[in-house]
Every structure is written in structure tokens, then in C-alpha cells.
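Here is a brief report on one protein model. Look over the sequence and the structure first.

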Protein chains: 2
Amino acid sequence: MKEDNHIFGIHAVIEAIKAGKEIDKILIQRGLAGQLFNDLRKVLQGTEIPYQMVPPEKINRITKKNHQGVIAFVCEIEYFKAEDILHKVFSEGKTPLVLVLDKITDVRNFGAIARTAECSGVDMIIVPQRGSAQLNGDAVKTSAGALHRIPVCREYNLKDTITFLKESGLQIIACHEKTEKLIYDVDFKIPTAIVMGSEDLGISGEYLRLCTDAVKIPMTGKIASLNVSVATGVVLYEVIRQRL
Amino acid sequence: MKEDNHIFGIHAVIEAIKAGKEIDKILIQRGLAGQLFNDLRKVLQGTEIPYQMVPPEKINRITKKNHQGVIAFVCEIEYFKAEDILHKVFSEGKTPLVLVLDKITDVRNFGAIARTAECSGVDMIIVPQRGSAQLNGDAVKTSAGALHRIPVCREYNLKDTITFLKESGLQIIACHEKTEKLIYDVDFKIPTAIVMGSEDLGISGEYLRLCTDAVKIPMTGKIASLNVSVATGVVLYEVIRQRL
């Protein structure tokens with residue numbers, strides 16, 4: 001695990017992008033201008049790297065060194081392409097089990113989910129390019145190393161990816177509370193992708209419309225919602241139970 | 001939720017104990033002596049409140065006020081007696097589902113477990129007097145308030161409590177990795193207590209010997225163990241599935 005997972009300084013960041021380094025996200029100081037900044041913008045345009053304009057204090061809190069208003073977070077993990085993984089799973093004669101995480105932002109939740117996914121034989125985790133937890137050292141640690149073992153695919157357009165999974169013969173099952181059907185009422189023995197939403201926002205409507213079906217975990221108490229990493233564990237193990 | 005969950009000063013702590021205030025734990029500065037300290041020791045002897053002798057810096061880090069070497073953490077939640085709850089559950093004609101947590105020390109894990117327990121209809125959570133996560137504001141928050149809804153019983157002698165549950169007709173099921181039987185191979189429709197151990201130490205041998213049976217969650221990956229809050233969710237929902 002890298003101790004120091006960021007690169008700072010406009011020039012260093014431009015070079016890292018050009019060298020094809022896997023970058024999680026870039027923070028750029030608001031109001032930055034000049035030739036080098038224009039170069040950075042140009043280089044960024046050819047990529048899918050997410051970047052954010054932030055007040056200078058935000059970058060100062062991360063490093064006290066001469067960052068010139070630009071800092072890039074290097075990926076702790078390697079990303080894969082959903083098509084490649086699905087092709088591999090099918091060619092091995094396995095029944096795919098895919099986990100789509102729509103904007104899970106809590107690093108510890110993400111780590112715990114990755115760990116469960118590895119333990120339950122999930123073939124890949126798919127996340128959107130933006131709005132997902134940063135898969136940093138903390139995430140890798142909470143995942144007990146699972147993030148180095150299970151393929152994570154970071155997709156620029158999650159709608160396209162879900163459509164692709166569907167067209168490849170997978171049922172797309174949304175797991176949330178706004179349905180009557182229980183997780184026990186779906187046949188998980190066929191190729192399946194399970195979609196989990198963030199704790200606060202749930203699953204985005206645009207993805208929900210693409211789902212084949214929606215299921216919920218039964219709730220007998222008053223709180224009526226589980227922590228998302230626990231909920232993911234419960235639904236994944238229902239798949240396992242059916243497939244055993 | 002109390003913002004300020006501690007009482008400091010020998011006199012104030014003695015009065016709090018005498019008044020029967022629910023106290024989680026007391027820290028006492030090493031080398032403390034004198035009449036008031038002897039009074040405190042005498043008052044403590046009549047209780048089951050855990051206390052710890054610590055270097056002065058530990059207390060100084062918690063409060064800068066004149067603590068006289070003694071600080072008590074007041075409970076955020078009310079504790080119950082296992083006998084009372086079990087009696088109530090039986091008298092309501094329900095099939096008991098009890099969760100015994102052997103030294104879960106991580107506050108966030110404990111909170112997530114309490115939340116799952118509330119959602120899945122667990123009747124009570126039993127923890128040992130010592131070595132469990134402090135059920136402070138963070139635990140209550142992570143539990144989404146479940147710790148105010150589900151009875152928690154803090155038992156001085158967990159062996160006696162497990163024996164009591166067993167003699168009351170509950171099967172005691174240990175959930176850990178060192179067994180071949182799967183969670184799907186046990187009948188959970190009868191009165192049941194499930195025992196979960198801490199992430200690092202597992203379930204203590206002395207409790208394990210009292211268990212009726214042991215089960216494991218199937219693992220298909222290489223990591224071979226789930227986060228304890230996820231594991232608890234998986235096994236509790238297997239109970240729910242069977243009981244539905």
C-alpha cells in the first residue's frame with residue numbers, strides 16, 4: 001500500500017496523466033489560471049479522470065508542500081473493464097454474479113462490501129466514475145485486502161454498463177425498500193447483477209428504470225433500513241444459498 | 001443524546017454511584033490514595049461497574065478540568081436484565097431470538113449490529129460486563145437509534161447467562177469459521193441464541209463449550225472471513241428466512 005498516495009504540482013500531475021497513471025481524482029484550486037493550467041485542462045479533456053474546483057484551504061489541508069493549486073490522488077487499486085471481466089466469467093462457464101454500487105461514498109462501508117463480495121464469490125464490482133468512495137488505503141484496509149483480489153470496474157456511464165449487462169443476459173435486480181417482493185422470491189440461480197444504492201439517496205431513478213426487478217430485505221423493527229454493507233451481505237448470501 | 005457523557009472528581013463520582021446512575025466504566029489515576037479514594041473503592045465494591053487504573057495523561061486527555069484522578073462515563077443507554085426480557089418474550093408467546101456478542105470492541109461494528117438486530121426482530125443483545133465496545137454517542141448514532149429500541153443486557157458472568165438461556169430451552173448456536181456445518185443446516189425456527197465473537201479473538205472457549213451447535217457462513221473467496229457486522233446480518237437473516 002502506498003503511504004503517500006498523492007501527486008502535487010501542475011507539472012507533476014500533467015506528467016502523471018500523460019504517463020497513464022491511474023488517478024482517482026484531481027483537486028484544482030479555484031481561480032487558477034496561466035499557461036500551465038491551460039495545459040492541464042487540455043490533458044484532462046482526453047481522459048475520464050474526475051476533477052473538482054476547490055478553495056485553496058482544501059488542498060493546504062492535504063499537503064503543506066508547494067502544490068501550485070493542483071493535487072492528484074493516485075489509485076491504490078487497478079481498475080478493470082466490465083466487458084473484459086464478463087467475457088472471462090462466461091468463458092469459464094460460470095454463472096455471473098455482479099455487484100453494482102451506485103454512489104457508496106463511505107470508505108469503510110465500501111471496504112466491508114468489497115470484503116463480503118470477495119467472500120461470496122462476486123465476479124466484479126461496478127462503480128460510477130464519479131461520486132463513489134475514494135478507494136484509498138483505508139478502503140483497502142477495511143476490505144481486508146479484498147480490493148486487491150476482486151475486480152473493480154469504474155465506468156464512465158453506468159447506464160450504458162447496466163444496459164450492456166442486461167443485453168449480455170443478466171437479470172438486473174435492484175435491492176431497496178420501495179418494493180413488496182422479498183429477496184427470497186427471486187431466482188438468483190441465473191446470471192445476475194445486484195444494484196445497491198447509497199444510504200442517503202438510494203438507487204438513482206435512471207438506473208432503477210433499467211432494472212429487471214426490485215427486491216427488499218424483510219424488516220420487522222421500527223428502523224426499517226440496514227447499514228448498506230450489512231444489506232449487501234444479506235442479499236449476496238441469499239444468492240449463495242440459492243446457488244449452493 | 002448527552003453531549004457531555006462523563007462525570008469527574010472523586011466526590012461527584014461517588015455520589016453518582018450511590019444515586020444508582022448507570023455507569024459504563026470508571027478510570028482511576030494510578031497511585032491515587034487518601035480517604036476519598038478509599039471511600040470510592042468501598043462504594044465500587046458493592047457494584048459491578050468496571051474500573052481501570054490508568055496513567056494521569058489518559059484522564060487529562062478527556063478533560064482539562066479538576067478531575068482529581070477520577071472520571072466516570074455515564075451510560076448513553078439503559079441496560080436490561082436477560083431474565084426479565086426472556087420472561088417477557090415467552091409470556092408474549094414469541095419464539096425468542098437472542099444475540100450474544102462476545103467482546104465486540106469496535107463501536108461502529110457494534111452500532112451496525114444493533115441496527116441489524118432491531119431490523120431483524122432480535123429480542124435482546126447480551127454483552128459481557130467487560131471488554132465490550134463502549135455504548136457511547138457514536139455507537140448510538142451508528143445504530144441509527146437502534147440502541148434505544150432494542151434491549152441490551154450487560155451481564156457480569158456471561159457463562160451463567162448462556163447457561164440460563166440454555167436451561168430456558170434455547171439452542172445456543174456459535175457462528176464462527178471453525179466448523180463444517182453451514183448456517184443453512186440448522187433449524188432456527190426454535191428458540192435460539194446466536195453467539196458472535198470478536199474479529200480478532202473469535203468466541204472464547206469457555207462460551208464455545210456451552211454452545212449447542214456451531215455453524216459457519218460459506219466462503220468462496222480467499223479472504224475467508226467477513227466483517228463481524230456483516231456476518232451477524234447474514235446469520236440473523238437466515239433465521240428470518242426460515243421463520244417467515
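The text below covers chain A as a whole, then one residue of chain B.

**Chain A overall**

This is a predicted model. Chain A contains 9 helices and 11 strands. Its C-alpha trace spans about 60 × 45 × 30 Å along the principal axes. How does the radius of gyration compare with that of a compact globule? For 244 residues the globule rule gives a value near 18 Å, and chain A has 19 Å, so the two agree.

Contacts tell about the fold too. Take the contacts in chain A with a separation of 6 or more: 81% of them join residues 24 or more positions apart.

**Burial, surface and charge**

The table collects some values for chain A.

| Property of chain A | Value |
|---|---|
| Residues that count as buried | 56% of 244 residues |
| Exposed area | about 11,100 Å² |
| Share of exposed area from carbon and sulfur atoms | 48% |
| Distance between mean positions of positive and negative charges | 4 Å |

The charge distance rests on 31 positive and 30 negative charges in chain A.

**A residue in chain B**

Now to Thr161(B). It sits in helix H7 of chain B, which covers residues 158-167. Is Thr161(B) buried or exposed? Its relative accessible area is 6%. The cut-off for buried is under 20%, so Thr161(B) counts as buried. Which residues does Thr161(B) touch, leaving aside those up to four places away in sequence? They are Ala82(B), Ile126(B) and Glu155(B).

Technical notes. Residues numbered from 1 in each chain as written. Chains lettered and ligands numbered in written order. Predicted model: local features only at pLDDT ≥ 70, side-chain atom pairs only at ≥ 80, totals over all residues. Heavy atoms only, no water. Helix = DSSP H or I, 4+ residues; strand = E, 2+ residues; numbered from the N terminus. Rg over C-alpha atoms; globule rule 2.2 N^0.38 Å. Buried < 20%, exposed > 50% of the residue type's maximum accessible area, 1.4 Å probe, protein only. Contact = heavy atoms within 4.5 Å. Areas by Shrake-Rupley, 256 points an atom, 1.4 Å probe, with all protein chains shown as cover. Lys, Arg positive; Asp, Glu negative; His and termini not counted. Charge placed at Lys NZ, Arg CZ, Asp CG, Glu CD.
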